[in-house]
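Student: Got a minute to go through a structure with me? I'd like to start with the sheet and then look at some side chains.

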Amino acid sequence: MSQKIAFQGELGAYGHEACVTARPDFTPLPCATFDDAIEAVRNGDADLGMIAVENSTYGRVADVHSLLPESGLHIVDETFVRVHINLLAQRGAKLDGIKEAFGHPVILPQCATFLRDHSIRGRTSSDNARAAREVAGGGDPTVAALASELAADIYGLDILARHIEDHDRNTTRFLIMAREPDYLRRGTFGMMTSFVFRVRNIPAALYKAMGGFATNGVNMTKLESYMVGGAFTATQFYAEIEGHPDDHNVQLAMEELGYFTDHLHVMGVYPAAQRRHED
(Lines give C-alpha, C1' and ligand atoms only; values in the text may rest on other atoms or scores of the structure.)
Protein backbone atom coordinates (compact mmCIF):
# COMPACT_ATOMS: atom_id res chain seq x y z
CA MET A 1 0.00 0.00 0.00
CA SER A 2 1.44 3.37 -1.00
CA GLN A 3 1.93 6.09 1.55
CA LYS A 4 -0.43 9.07 1.51
CA ILE A 5 0.16 12.81 1.76
CA ALA A 6 -2.74 15.06 2.76
CA PHE A 7 -3.30 18.53 1.34
CA GLN A 8 -5.97 21.23 1.55
CA GLY A 9 -8.14 21.43 -1.52
CA GLU A 10 -9.49 19.20 -4.25
CA LEU A 11 -7.57 17.24 -6.86
CA GLY A 12 -5.92 19.76 -9.15
CA ALA A 13 -5.25 22.33 -6.39
CA TYR A 14 -1.81 23.90 -6.02
CA GLY A 15 -1.39 21.80 -2.88
CA HIS A 16 -1.92 18.73 -5.07
CA GLU A 17 0.74 20.05 -7.45
CA ALA A 18 3.10 20.49 -4.48
CA CYS A 19 2.49 16.87 -3.45
CA VAL A 20 3.20 15.56 -6.95
CA THR A 21 6.38 17.65 -7.17
CA ALA A 22 7.83 17.00 -3.71
CA ARG A 23 6.56 13.47 -2.96
CA PRO A 24 5.78 11.81 -6.32
CA ASP A 25 5.76 8.34 -4.74
CA PHE A 26 2.97 9.29 -2.30
CA THR A 27 -0.75 9.15 -3.05
CA PRO A 28 -2.28 12.64 -2.64
CA LEU A 29 -5.21 12.81 -0.19
CA PRO A 30 -7.48 15.86 -0.74
CA CYS A 31 -8.95 17.49 2.39
CA ALA A 32 -11.52 20.25 2.72
CA THR A 33 -9.53 22.40 5.17
CA PHE A 34 -6.05 22.73 6.66
CA ASP A 35 -7.51 21.39 9.90
CA ASP A 36 -8.71 18.30 8.07
CA ALA A 37 -5.31 17.78 6.43
CA ILE A 38 -3.57 18.05 9.80
CA GLU A 39 -6.08 15.68 11.41
CA ALA A 40 -5.56 13.14 8.61
CA VAL A 41 -1.88 12.98 9.54
CA ARG A 42 -2.62 12.91 13.27
CA ASN A 43 -5.04 9.99 13.04
CA GLY A 44 -2.97 7.98 10.57
CA ASP A 45 -5.13 8.41 7.46
CA ALA A 46 -2.10 10.08 5.88
CA ASP A 47 1.62 9.73 6.50
CA LEU A 48 2.48 13.36 5.69
CA GLY A 49 0.71 16.68 5.36
CA MET A 50 1.43 19.35 2.73
CA ILE A 51 0.54 22.70 4.30
CA ALA A 52 0.71 26.04 2.45
CA VAL A 53 2.16 28.75 4.70
CA GLU A 54 2.94 31.78 2.55
CA ASN A 55 2.80 33.24 -0.93
CA SER A 56 5.31 35.69 -2.37
CA THR A 57 2.53 37.98 -3.62
CA TYR A 58 -0.23 37.59 -1.06
CA GLY A 59 1.79 37.01 2.11
CA ARG A 60 1.22 34.41 4.81
CA VAL A 61 -1.73 32.08 4.67
CA ALA A 62 -4.21 33.17 7.34
CA ASP A 63 -4.38 31.11 10.55
CA VAL A 64 -1.83 28.50 9.50
CA HIS A 65 0.91 29.68 11.89
CA SER A 66 -1.54 29.45 14.77
CA LEU A 67 -2.71 25.98 13.66
CA LEU A 68 0.70 24.37 13.37
CA PRO A 69 1.95 24.75 16.98
CA GLU A 70 -1.25 23.13 18.26
CA SER A 71 -1.20 20.33 15.69
CA GLY A 72 1.21 18.03 17.51
CA LEU A 73 2.96 17.51 14.17
CA HIS A 74 6.54 18.28 13.15
CA ILE A 75 7.99 20.04 10.11
CA VAL A 76 10.23 17.60 8.21
CA ASP A 77 10.64 19.39 4.86
CA GLU A 78 9.74 22.44 2.81
CA THR A 79 8.99 22.93 -0.86
CA PHE A 80 8.28 25.90 -3.10
CA VAL A 81 5.77 25.79 -5.95
CA ARG A 82 5.82 28.35 -8.74
CA VAL A 83 2.15 29.35 -8.93
CA HIS A 84 1.10 29.70 -12.54
CA ILE A 85 -2.49 30.90 -12.71
CA ASN A 86 -4.41 29.87 -15.81
CA LEU A 87 -7.84 30.78 -17.09
CA LEU A 88 -9.75 27.53 -17.62
CA ALA A 89 -13.11 27.15 -19.35
CA GLN A 90 -15.28 24.58 -21.06
CA ARG A 91 -14.20 23.06 -24.32
CA GLY A 92 -14.73 25.51 -27.15
CA ALA A 93 -15.17 28.59 -24.96
CA LYS A 94 -13.53 31.83 -26.14
CA LEU A 95 -11.57 34.33 -24.06
CA ASP A 96 -13.60 37.30 -25.27
CA GLY A 97 -16.77 35.53 -24.13
CA ILE A 98 -15.71 35.03 -20.51
CA LYS A 99 -17.67 37.23 -18.07
CA GLU A 100 -16.77 35.70 -14.69
CA ALA A 101 -13.81 33.77 -13.30
CA PHE A 102 -13.91 31.85 -10.02
CA GLY A 103 -10.90 31.42 -7.76
CA HIS A 104 -9.83 31.29 -4.14
CA PRO A 105 -9.70 34.71 -2.40
CA VAL A 106 -5.90 34.36 -2.26
CA ILE A 107 -5.68 33.84 -6.04
CA LEU A 108 -7.93 36.68 -7.17
CA PRO A 109 -5.60 39.57 -6.22
CA GLN A 110 -2.69 37.78 -7.87
CA CYS A 111 -4.22 38.11 -11.34
CA ALA A 112 -6.21 41.33 -10.86
CA THR A 113 -4.54 43.08 -13.81
CA PHE A 114 -5.48 40.37 -16.30
CA LEU A 115 -9.07 40.23 -15.07
CA ARG A 116 -9.42 44.02 -15.25
CA ASP A 117 -7.88 44.23 -18.72
CA HIS A 118 -10.32 41.62 -20.05
CA SER A 119 -13.38 42.94 -18.18
CA ILE A 120 -13.75 39.67 -16.30
CA ARG A 121 -15.37 39.78 -12.89
CA GLY A 122 -13.50 37.84 -10.24
CA ARG A 123 -15.71 35.62 -8.07
CA THR A 124 -14.67 33.75 -4.94
CA SER A 125 -14.55 29.99 -4.55
CA SER A 126 -13.42 27.98 -1.55
CA ASP A 127 -10.84 26.22 -3.70
CA ASN A 128 -9.33 26.74 -7.15
CA ALA A 129 -9.65 23.10 -8.13
CA ARG A 130 -13.26 23.07 -6.96
CA ALA A 131 -13.85 26.08 -9.21
CA ALA A 132 -12.41 24.10 -12.12
CA ARG A 133 -14.59 21.08 -11.34
CA GLU A 134 -17.72 23.23 -11.11
CA VAL A 135 -16.93 25.02 -14.36
CA ALA A 136 -16.49 21.64 -16.05
CA GLY A 137 -19.93 20.54 -14.90
CA GLY A 138 -21.71 23.86 -15.19
CA GLY A 139 -22.46 24.13 -18.89
CA ASP A 140 -21.84 27.88 -19.08
CA PRO A 141 -19.16 28.96 -21.60
CA THR A 142 -19.04 32.48 -20.11
CA VAL A 143 -17.74 31.24 -16.75
CA ALA A 144 -14.11 30.30 -16.13
CA ALA A 145 -11.89 29.09 -13.30
CA LEU A 146 -8.51 30.36 -12.14
CA ALA A 147 -6.46 27.26 -11.51
CA SER A 148 -3.49 25.10 -12.43
CA GLU A 149 -2.77 23.26 -15.66
CA LEU A 150 -3.08 20.09 -13.60
CA ALA A 151 -6.71 21.03 -12.88
CA ALA A 152 -7.31 21.57 -16.59
CA ASP A 153 -6.04 18.04 -17.30
CA ILE A 154 -8.08 16.46 -14.50
CA TYR A 155 -11.39 18.14 -15.37
CA GLY A 156 -11.04 18.30 -19.15
CA LEU A 157 -11.01 22.08 -19.53
CA ASP A 158 -9.49 24.31 -22.19
CA ILE A 159 -6.73 26.72 -21.13
CA LEU A 160 -7.78 30.08 -22.58
CA ALA A 161 -4.83 31.98 -21.10
CA ARG A 162 -1.69 30.74 -19.39
CA HIS A 163 0.38 32.30 -16.62
CA ILE A 164 -1.84 35.32 -16.03
CA GLU A 165 -0.48 36.16 -12.58
CA ASP A 166 0.64 39.77 -12.06
CA HIS A 167 4.09 38.85 -10.76
CA ASP A 168 6.32 36.57 -12.78
CA ARG A 169 7.90 35.05 -9.67
CA ASN A 170 4.66 34.24 -7.85
CA THR A 171 5.55 31.35 -5.53
CA THR A 172 3.88 29.51 -2.66
CA ARG A 173 5.88 27.88 0.12
CA PHE A 174 4.65 24.66 1.68
CA LEU A 175 5.75 22.86 4.83
CA ILE A 176 5.65 19.06 4.98
CA MET A 177 4.41 17.81 8.34
CA ALA A 178 4.80 14.39 9.99
CA ARG A 179 3.84 12.72 13.24
CA GLU A 180 7.47 12.19 14.24
CA PRO A 181 10.32 14.72 14.07
CA ASP A 182 13.40 14.10 11.94
CA TYR A 183 16.57 15.70 13.28
CA LEU A 184 18.90 13.96 10.83
CA ARG A 185 21.11 16.22 8.76
CA ARG A 186 20.04 15.84 5.16
CA GLY A 187 19.79 17.70 1.89
CA THR A 188 22.52 19.66 0.15
CA PHE A 189 21.61 23.27 0.97
CA GLY A 190 21.92 23.34 4.75
CA MET A 191 19.35 22.91 7.51
CA MET A 192 16.51 25.02 8.86
CA THR A 193 15.01 25.09 12.35
CA SER A 194 11.52 26.42 13.09
CA PHE A 195 10.21 27.20 16.56
CA VAL A 196 7.58 29.16 18.46
CA PHE A 197 8.13 31.13 21.65
CA ARG A 198 6.57 33.64 24.02
CA VAL A 199 8.69 36.25 25.71
CA ARG A 200 8.57 36.89 29.44
CA ASN A 201 6.78 40.00 30.65
CA ILE A 202 9.92 42.07 31.27
CA PRO A 203 11.16 45.27 29.57
CA ALA A 204 12.85 44.77 26.18
CA ALA A 205 12.40 40.98 26.41
CA LEU A 206 12.06 40.48 22.65
CA TYR A 207 15.06 42.68 21.89
CA LYS A 208 17.18 40.75 24.39
CA ALA A 209 15.87 37.39 23.18
CA MET A 210 16.90 38.18 19.61
CA GLY A 211 20.36 39.38 20.64
CA GLY A 212 21.73 35.86 20.97
CA PHE A 213 21.12 35.10 17.31
CA ALA A 214 22.99 38.22 16.19
CA THR A 215 25.98 37.75 18.50
CA ASN A 216 26.32 34.08 17.56
CA GLY A 217 26.02 34.62 13.81
CA VAL A 218 22.74 32.75 13.36
CA ASN A 219 20.68 34.01 10.43
CA MET A 220 16.99 34.40 11.29
CA THR A 221 15.01 34.22 8.07
CA LYS A 222 11.54 34.75 9.55
CA LEU A 223 10.00 36.26 12.67
CA GLU A 224 6.23 36.67 12.87
CA SER A 225 3.91 37.45 15.75
CA TYR A 226 0.30 36.52 16.32
CA MET A 227 -2.12 36.67 19.22
CA VAL A 228 -3.06 33.57 21.17
CA GLY A 229 -6.38 32.88 22.83
CA GLY A 230 -7.85 36.20 21.76
CA ALA A 231 -5.77 38.14 24.27
CA PHE A 232 -3.83 41.20 23.13
CA THR A 233 -1.18 40.56 25.80
CA ALA A 234 -0.53 36.92 24.88
CA THR A 235 1.66 37.29 21.82
CA GLN A 236 3.39 34.26 20.37
CA PHE A 237 6.24 34.41 17.87
CA TYR A 238 7.03 32.03 15.05
CA ALA A 239 10.66 32.01 13.94
CA GLU A 240 12.85 30.25 11.39
CA ILE A 241 16.63 30.17 11.47
CA GLU A 242 19.36 28.71 9.32
CA GLY A 243 21.15 25.89 11.09
CA HIS A 244 20.64 22.71 13.11
CA PRO A 245 19.99 22.54 16.88
CA ASP A 246 23.29 20.63 17.27
CA ASP A 247 25.30 23.50 15.77
CA HIS A 248 27.28 25.18 18.52
CA ASN A 249 26.24 28.72 17.57
CA VAL A 250 22.58 27.65 17.39
CA GLN A 251 22.85 26.04 20.82
CA LEU A 252 24.24 29.27 22.30
CA ALA A 253 21.55 31.40 20.63
CA MET A 254 18.72 29.12 21.79
CA GLU A 255 20.13 29.04 25.29
CA GLU A 256 20.11 32.83 25.43
CA LEU A 257 16.59 32.88 23.99
CA GLY A 258 15.49 30.61 26.83
CA TYR A 259 16.44 33.22 29.44
CA PHE A 260 13.82 35.63 28.11
CA THR A 261 10.96 33.26 27.22
CA ASP A 262 8.34 31.41 29.24
CA HIS A 263 7.47 29.07 26.36
CA LEU A 264 9.74 27.64 23.64
CA HIS A 265 8.85 24.79 21.31
CA VAL A 266 10.85 23.53 18.32
CA MET A 267 8.41 22.90 15.46
CA GLY A 268 10.81 21.13 13.15
CA VAL A 269 14.28 20.63 11.72
CA TYR A 270 14.41 20.18 7.96
CA PRO A 271 16.60 20.65 4.89
CA ALA A 272 16.57 24.06 3.24
CA ALA A 273 15.04 23.93 -0.22
CA GLN A 274 17.18 24.78 -3.23
CA ARG A 275 14.73 27.61 -3.99
CA ARG A 276 16.22 29.56 -1.04
CA HIS A 277 19.52 29.83 -2.90
CA GLU A 278 18.10 30.97 -6.23
CA ASP A 279 17.98 34.63 -7.27
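Tutor: Here is a short run through the sheet, the salt bridges and the aromatic pairs. Keep in mind that this is a predicted model.

Student: In what order do the strands of the five-stranded open sheet come?

Tutor: The order is β8-β7-β9-β6-β10, and the pairing is mixed.

Student: Which strands stand at the edges?

Tutor: β8 (121-124) and β10 (158-161) do. Each has a single partner strand, so one side of each lacks a neighbour in the sheet. From one strand to the next, the twist averages 40°.

Student: How does β6 pair with β10, parallel or antiparallel?

Tutor: Antiparallel, over three bridges. β6 covers residues 86-89. Leucine 87 has alanine 161 in β10 as its bridge partner.

Student: And what does helix α5 lie across?

Tutor: Helix α5 (residues 128-138) lies across β6, β7 (100-103) and β9 (143-147). Its angle to β9 is about 150°.

Student: New topic. How many salt bridges does the structure hold?

Tutor: There are 17. One of them joins the side chains of arginine 42 and glutamate 39, at 2.8 Å from N to O.

Student: Where do arginine 42 and glutamate 39 sit relative to each other?

Tutor: Both are in helix α2 (residues 34-42). They are three residues apart, so about one helical turn separates them.

Student: Is arginine 42 buried or partly exposed? Same for glutamate 39: buried or partly exposed?

Tutor: Arginine 42 is partly exposed, at 40% relative accessibility. Glutamate 39 is partly exposed too, at 33%.

Student: Which salt bridge does arginine 173 make with glutamate 78, in terms of distance?

Tutor: Their side chains meet at 2.9 Å, N to O. This pair links distant parts of the chain, 95 residues apart: arginine 173 is in strand β11 (residues 171-178) and glutamate 78 in strand β5 (residues 74-82).

Student: Are those two buried or exposed?

Tutor: Buried. Arginine 173 has a relative accessible area of 3%. Glutamate 78 is at 4%. The cut-off for buried is under 20%.

Student: What about arginine 173 and glutamate 240?

Tutor: Those side chains also meet in a salt bridge, at 3.0 Å from N to O. Glutamate 240 is in strand β14 (residues 231-242), 67 residues from arginine 173. Glutamate 240 is buried, with a relative accessible area of 1%.

Student: Which residues are in the network of salt bridges that share partners?

Tutor: Glu54, Glu78, Arg173, Lys222, Glu224, Glu240 and Arg276.

Student: Back to β5. What does threonine 79 touch?

Tutor: Leaving out residues up to four places away in sequence, threonine 79 touches Ala18, Ala22, Met50, Thr172, Arg173 and Phe174. Threonine 79 is found in strand β5. It is buried, with a relative accessible area of 10%.

Student: Last thing, rings. How many aromatic pairs are there?

Tutor: Three. Among them, phenylalanine 195 and phenylalanine 213 are stacked, 6.0 Å centre to centre with 10° between the planes. Phenylalanine 195 is in strand β12 (residues 191-199), and phenylalanine 213 is in helix α7 (residues 205-215). Both are buried.

Student: And how are phenylalanine 197 and phenylalanine 237 arranged?

Tutor: They form a stacked pair, 5.3 Å centre to centre, with 15° between the planes. Phenylalanine 197 is in β12 and phenylalanine 237 in β14, so the pair ties together parts 40 residues apart in sequence. Both of these are buried.

Student: Which residues do the ring pairs link into a cluster?

Tutor: Phe195, Phe197, Phe213 and Phe237.

Methods
Residues are numbered from 1 along each chain as its sequence is written. This is a predicted model: local features need pLDDT of at least 70, side-chain atom pairs count only at pLDDT 80 or more; totals for chains, interfaces and linings use all residues. Side-chain values use heavy atoms; hydrogens and water are left out. Two strands pair if DSSP finds at least two bridges between them. Helices (H or I, at least four residues) and strands (E, at least two) are DSSP runs, numbered from the N terminus. Axes are lines fitted to C-alpha atoms, for helices over the stretch in contact, and angles run from 0 to 180 degrees between N-to-C directions. Contact means heavy atoms within 4.5 Å. A salt bridge is a side-chain nitrogen of Lys or Arg within 4 Å of a carboxyl oxygen of Asp or Glu. Buried means under 20% relative accessible area, exposed over 50%, partly exposed in between (1.4 Å probe, protein chains only). Rings of Phe, Tyr and Trp (its six-membered ring) pair if their centres lie within 6.5 Å; planes under 30 degrees apart count as stacked, over 60 as edge-to-face and the rest as tilted.
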